[in-house]
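Student: Please take a close look at one part of this predicted model, the strand in the middle of the sheet and what surrounds it. I would like one connected account, moving from the sheet to the side chains.

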Amino acid sequence: MDEFTVRGPVERFPGENGWFYVKLSARQSAQLGPLVRSEWPALLKIRCTLGDTTWKATIMPIKDGPLFVALPAKVRKAEAIVVGQRVTLRCLL
């Protein structure tokens, strides 16, 4: 799995400075989970594109649950992204 797509709603961790993110599907989390664990404590580095914006990102776990990709403020601003909006990320390992 070198290229893949992540689709879903933008969510936000609780708290004033909570990260904005998109969860990977259960299938993607199951496929990439072992790779993420093998990199731990380093994070699995990827390259993401959303609309016209491309950035270096990482795939991270939510405790023992699904994996996610954080959406930095510069990406949200450039693409006018808000919580709850469904987005599609094109990702490359």
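**The sheet and its surroundings**

Tutor: Seven strands make up an open sheet with antiparallel pairing, in the order β1-β7-β4-β5-β6-β3-β2. At the edges are β1 (3-9) and β2 (11-12), each of which pairs on one side only. Strands of a sheet pair through backbone hydrogen bonds, either parallel or antiparallel.

The strand to look at is β4. In the order of the sheet it stands between β7 and β5. Seven bridges connect β4 with β5, in the antiparallel sense. These two strands form a hairpin with two residues between them, and Gly 51 in the turn has a positive phi of about 60°. On the other side, β4 and β7 also run antiparallel and are joined by three bridges. Here Arg 47 stands opposite Leu 92 of β7. β4 is largely enclosed by the rest of the structure, because five of its seven residues are buried.

Thr 49 is a residue of β4. Its relative accessibility is 13%, so Thr 49 counts as buried. In the pairing with β5, Thr 49 stands opposite Thr 54. The side chains of Thr 49 and Thr 54 are also joined by a polar contact of 2.9 Å. Apart from neighbours within four places in sequence, Thr 49 is in contact with Thr 54, Trp 55, Thr 88, Leu 89 and Arg 90.

Two of those contacts, Trp 55 and Leu 89, lead to the largest nonpolar core. That core has 23 residues, and those with the most contacts inside it are Leu 24, Trp 55, Ile 59, Val 69, Leu 71 and Leu 89. At least two residues of the core come from each of β1, β3, α1 (26-39), β4 (44-50), β5, β6 and β7 (86-92). β4 gives the most, with four residues. In soluble globular proteins, nonpolar side chains tend to be buried together.

Leu 24 shows how this core draws on separate parts of the chain. Residues up to four places away in sequence aside, Leu 24 touches Phe 4, Val 6, Ser 29, Leu 32, Ile 59, Pro 66, Leu 67, Phe 68 and Val 69. A second, separate core has five residues, including Met 60, Ile 62, Phe 68 and Ala 70. Phe 68 thus belongs to the second core, although Phe 68 is also touched by Leu 24.

Beyond β5 comes β6. Strand β5 (residues 53-61) and strand β6 (residues 67-70) pair in the antiparallel sense over three bridges. The bridge partner of Pro 61 in β6 is Leu 67. Gly 65 lies in the loop between β5 and β6. With a relative accessibility of 37%, Gly 65 counts as partly exposed. Gly 65 and Gly 33 are 32 residues apart in sequence, and their C-alpha atoms are 9.6 Å apart in space.

Phe 68 also takes part in the aromatic contacts. Four aromatic pairs are found in the whole structure. One of them is edge-to-face: the rings of Tyr 21 and Phe 68 have centres 5.3 Å apart and planes at 65°. This pair links distant parts of the chain, since Tyr 21 is in strand β3 (residues 20-23) and Phe 68 in strand β6, 47 residues apart. Tyr 21 is buried, at a relative accessible area of 6%, and Phe 68 is buried as well, at 3%. Phe 13, Trp 19, Tyr 21 and Phe 68 together form one aromatic cluster. A further ring, that of Phe 20, has Arg 76 over its face, at 3.6 Å from the ring centre.

Back on the β7 side, Gln 85 is in the loop between α2 (73-79) and β7. Gln 85 has a relative accessibility of 28%, so it counts as partly exposed. Leaving out residues up to four places away in sequence, Gln 85 touches Gly 8, Pro 9, Val 10 and Ala 80. Gln 85 and Pro 61 are 24 residues apart in sequence and 21 Å apart in space, C-alpha to C-alpha.

In short, β4 pairs with β5 over seven bridges and with β7 over three, and gives four residues to the largest nonpolar core.

Methods: Residues are numbered from 1 along each chain as its sequence is written. This is a predicted model: local features need pLDDT of at least 70, side-chain atom pairs count only at pLDDT 80 or more; totals for chains, interfaces and linings use all residues. Side-chain values use heavy atoms; hydrogens and water are left out. Two strands pair if DSSP finds at least two bridges between them. Rings of Phe, Tyr and Trp (its six-membered ring) pair if their centres lie within 6.5 Å; planes under 30 degrees apart count as stacked, over 60 as edge-to-face and the rest as tilted. Buried means under 20% relative accessible area, exposed over 50%, partly exposed in between (1.4 Å probe, protein chains only). A charge sits over a ring if NZ of Lys or CZ of Arg is within 6 Å of the ring centre and within 35 degrees of the ring normal. A nonpolar core is a set of buried Ala, Val, Leu, Ile, Met, Phe, Trp, Tyr and Cys residues joined through side-chain atoms within 4.5 Å. Contact means heavy atoms within 4.5 Å. A polar contact is a pair of N or O atoms within 3.5 Å; within protein, one must be able to donate a hydrogen and the other to accept it, and residues adjacent in sequence count only if both atoms are side-chain atoms.
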